[in-house]
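Visitor: I am new to this structure and would like a close look at a single part of it. Please take one strand and its surroundings, and then lead me outward from there.

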Amino acid sequence: MEHIRTTKVEQVKLLDRFSTSNKSLTGTLYLTATHLLFIDSHQKETWILHHHIALVEKLALTTSGCPLVIQCKNFRIVHFIVPRERDCHDIYNSLLQLSKQAKYEDLYAFSYNPKQNDSERLQGWQLIDLAEEYKRMGVPNSNWQLSDANREYKAAICRCSQPLSGFSARCLEDEHLLQAISKANPVNRYMYVMDTRPKLNAMANRAAGKGYENEDNYSNIRFQFVGIENIHVMRSSLQKLLEVNGTKGLSVSDFYSGLESSGWLRHIKAVMDAAIFLAKAIMVENASVLVHCSDGWDRTSQVCSLGSLLLDSYYRTIKGFMVLIEKDWISFGHKFSERCGHLDGDPKEVSPVFTQFLECVWHLTEQFPQDFEFNEAFLLQIHEHIHSCQFGNFLGNCQKEREELKLKEKTYSLWPFLLDDQKKYLNPLYSSKSPKFAVLEPNTVSFSFKFWRNMYHQFDRTLHPRQSVFNIIMNMNEQNKQLEKDIKDLESKIKQRKNKQTDEILTKELLHSVHPESPTLKTSLCFKEQTLLPVNHALRTIEGSNPADNRYSEYAEEFSKSEPGVVSLEYGVARMTC
Amino acid sequence: MEFSELIRTGRAQAKLLRGPEAPPLRGTLCVTGHHLLLSPGPQATSDLWLLLLRRVDSIQKRVSGDSGTITLRCKDLRVLQLDIEGVEATLDIARSIEALSSLESVITSFPFFYRPKGLRLGDAWHFHPPERYYKRVARETNAWRLSEVNGDFSLCPSYPRAVIVPRAVDDDALARCARFRQGGRFPVLSYHHAPSGTVLLRSSQPLTGPQKRRCAEDEELLRAVLAGARPGARGFVLDTRSAQAAKQARVTGGGTEAKAAYPGWKRLHRPLERGWPLQESFVRLVEACGDLEQSMDRWLSQPEACHWLAHVKEALSTAYLAAQGVGREGACVLVHGAEGTDSTLLVTSLAQLILDPSSRTIAGFQELVEREWIQAGHPFQLRCAHSAFSHARPKHEAPTFLLFLDCVWQLGRQFPQSLEFGEGLLLALFEHAYASPFGTFLCSSEKERCLCEVRTRTHSLWSGLNQPKEQRKLRNPLYVPNPLAIWPSVELQTLRLWQGLFLRWIRPPEPSEVAWEKVWQIVTDKKTEGCEPTVSASEPQL
């Protein structure tokens, strides 16, 4: 690989940005074709995917060495101190090159090989099928052709981009389409048109020949602005947020005033409010709603997908959530590659629109702990992969581009991998008994919005609870299930035995059948001890002074540990030599 | 004095609104000596509704036409609204509530009349005296003794009759130490940390005054503490005031330990807020929580909410420091501020919770509250006279104990498996500290409690809480004993507003409560299923 000059640096220090003691870990830094790997003296591995790197900085030389700071898109920040400036410079240059690829073909997904054959890969891609989804929603039916959602309410969520109306332009066909949408709803005569932009922005767009629908030109529409800011505002808001919470030893008022001035939670609330408006229009008034923003792939995606999540419990399952992302984000052309900065491109197109969506979902899971089949780890993992470029799902900016890249032939789909690991992502408190169309009505009073520490500090171990309720309950649930299975196994064995006893009258046989009983008993007892172990084990590792155990680092570890099988060091070296 | 003199109207027809969640109640309203009753008509199925009048923090009345409205803001932060028929009746009832809820006399208060079924007077009062803790210390070390020098409360009115002191110091020396410390609060043992052989002590400030007086016995006492600890142990005096404030205290006769006079001891200053500023933060925070209409920016920029969390952060980190000194550095730590009855107790009790696994059980935590707050002389009667709603000019009110409970809650969030009790116990303690049918939190010191005969004439809260029917509310189903110290994170990103308390009556609780029920179910499921396989497996042998 032409970008790698140094593959291994020893005696590198890793600093923890929130640790109270200024201790550091010393270890060896390896650079592979796809990852940066740090192995400390306890043999703990930290893997950083090149595609996750958002920013590399080389700071001024200090007495202990040359500091190298790496900021990642998954909010990991690592601070290395490399003893020799030359090594630091080499690594710095390599990372600069490796983290910004110019072509899609150089992304990880095109070389990632999970050892599956072609048919398995194809199956993976067919796992989430949108045509199937529209069938589930009950479209097309007599009122609807394949276009978007419809439910038993007969009201529908529709989406589009802004009309090119300017100051006076009209389009009769457009007016007819809208009329058709509102007529397709047999219950309600009027429909809503939601413009998710602040009114001022929409009016400014009119000067450029775009704008919004004129209520006079369309019959039976009710027009509504909901005021979600644009991608540029969101990008700088997140930047401010990260600046604030990245500071160590902040005073309470600095922290909160920083949180306020970043405006981040205000934006989250705006998105949530819009989704609630949408859900209410459909649920309470039975009115169809047409949602648009400027282009119809950012704010519109946020609002439509969140609205669907509020309305339909199917989307709150693991599979349903995948379908929702495929439908409202991927297939409707959210520009993942530009928004996530997959390639070296225009930094002004990068924006955390999808992250905001995930955060809104997290807020919902916090308010409704029993209504979601998945847990926080699932959201974090999806967030990990929109930036990882390890799977093909989020590459490209629209369906057309994706087909041109032949992603389905050349890359793998993320979803089957998540489904295989489903156990990790299950919410133990989920109760599927809630009626199918139970609509969530979240509370959007200001204090129900909290800072999502587990996202923005997922790699800062010292900030997390030292024991996790979720893990405990998940373990217990797991044990309960195992024990239940145990009961069933034993019961069926008893039945078999009893049948045997009645069938065979020979005393000899009877004696034989009694003896094997004890081993079964033994195994069941051993089994119990085994299943109880993880809990005890977890306990033994609680060491307040060195809080190495929390689920976020565990996830990170699990994630990174699955890596070596796929891309080993040799792999990186091998590519280098050729 | 008869209560009847204060009751102006016996009864009236009224409608009671209990917040957005609960349905309104209609019926006959009735004021008694200690309670406000609402009895629904004969056709209604619901029970009598009852409110302890002492629980009322502030009362607001409004009349219009021929009816009136009374808004009652309670000490547990609940807001109730009563719509009453008749202007006269409204005014009379308001006046009666006002008079009865602010009675100052202890011995006419409700605990002296409360006689619940199933409890016997005198039960549980002797669960946690200092003698009991001394037995444990005596098993661990021989360097300490139980002294009854304060048997008649003459040395120190705010200490219990018995205190634990270094064996090498006799009662006469203690008497002289007491004269050198404010309020007579000479250094006593708060906690013995067996693994490191060091101790946590508490006292009040030394009365050095502007002349920098010294006291040989006091110096000897602290020397004896170091001598009785592990060999080579150092000492830290953790002053909960700033260095500046400690210096200024000399003007009024107080001061702090001079370095030269106490060899082996090093002084640290960790200023903690107390008194009025603490009460003010509490009041402002509750105000901010009650304002549902405010925008996100206003909520975040509420300096009040920030201030409260800042107090939490400071208290936890100071306790962390004290625990670190004892547990990790193997040093003896003496904690004091000025009087030694507020922030001092906050620090010593939290440090014990961090270090001592037995204080994290239900029984151990009750003992900790009894020993380190009630018997250690935290003036509950003064500090908890009013809560966050009172318009009266506060004199001695301060939510120090609430701050302690909040810190414990934060610990519980960070170590959800390590505390045997759940949020329920903390909420109960908050409620009862401010107004209670039990006698546990009455009075400001052991001396007053003896004078009022609290122990023989009222019921103990502990016996009330330890009844089997209360357990499910108080217990943490996820508890697994954890023998290690629990070192909390004190970064702001980790600390949270205690919504269960501050928003308890404001936000709709259902989803999280239902989820909690489910947790209980999973946990109890596990226990019952755990024994079943063996039962069925043994069947065929029968």
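**A strand and its surroundings**

Guide: At 1% relative accessibility, B:C443 counts as buried, and this residue, which lies in the loop between α13 (423-434) and α14 (446-451) of chain B, will return further on. The model is a predicted one, and the part to look at closely is strand β7 of chain B, which covers residues 79-85.

This strand has two faces: B:L80, B:L82 and B:I84 make up the covered one, while B:V79, B:Q81, B:D83 and B:E85 make up the uncovered one. Strand β1 of chain B, residues 11-17, runs antiparallel to β7(B) and is joined to it by four bridges; in this pairing B:L17 is found opposite B:Q81, a residue of the uncovered face. Strand β6 of chain B, residues 67-74, is also antiparallel to β7(B), and here the bridges number seven, with B:L72 standing opposite B:L80, which belongs to the covered face. Between β6(B) and β7(B), which form a hairpin, there are four residues, and B:L77 in this hairpin has a positive phi near 75°.

Most residues other than glycine have a negative phi, and chain B offers further cases with a positive value. Phi of B:F153 is near 60°, and this residue sits in the loop between β8 (144-147) and β9 (163-166) of chain B. Because its relative accessibility is 6%, B:F153 counts as buried. B:C443, met at the start, is not a glycine either, yet its phi is positive, at about 70°.

From the strand one can also turn to the nonpolar cores. The largest of them has 212 residues, and those with the most contacts inside it are A:F321, B:F186, B:F365, B:F404 and B:F502. Helix α8 of chain A, residues 264-283, gives the most to this core, contributing 13 residues. If neighbours within four places in sequence are left aside, the residues in contact with A:F321 include A:L309, A:Y314, A:Y315, A:F357 and A:F374. A second core, separate from the largest, has 25 residues, and among them are B:V31, B:I70, B:I84 and B:I93. This brings the view back to the strand, for B:I84 is one of the residues on the covered face of β7(B). In soluble globular proteins, nonpolar side chains tend to be buried together.

Key. Residues numbered from 1 in each chain as written. Chains lettered and ligands numbered in written order. Predicted model: local features only at pLDDT ≥ 70, side-chain atom pairs only at ≥ 80, totals over all residues. Heavy atoms only, no water. Buried < 20%, exposed > 50% of the residue type's maximum accessible area, 1.4 Å probe, protein only. Pairing = 2+ DSSP bridges. Core = buried A, V, L, I, M, F, W, Y, C linked by side-chain atoms within 4.5 Å. Contact = heavy atoms within 4.5 Å.
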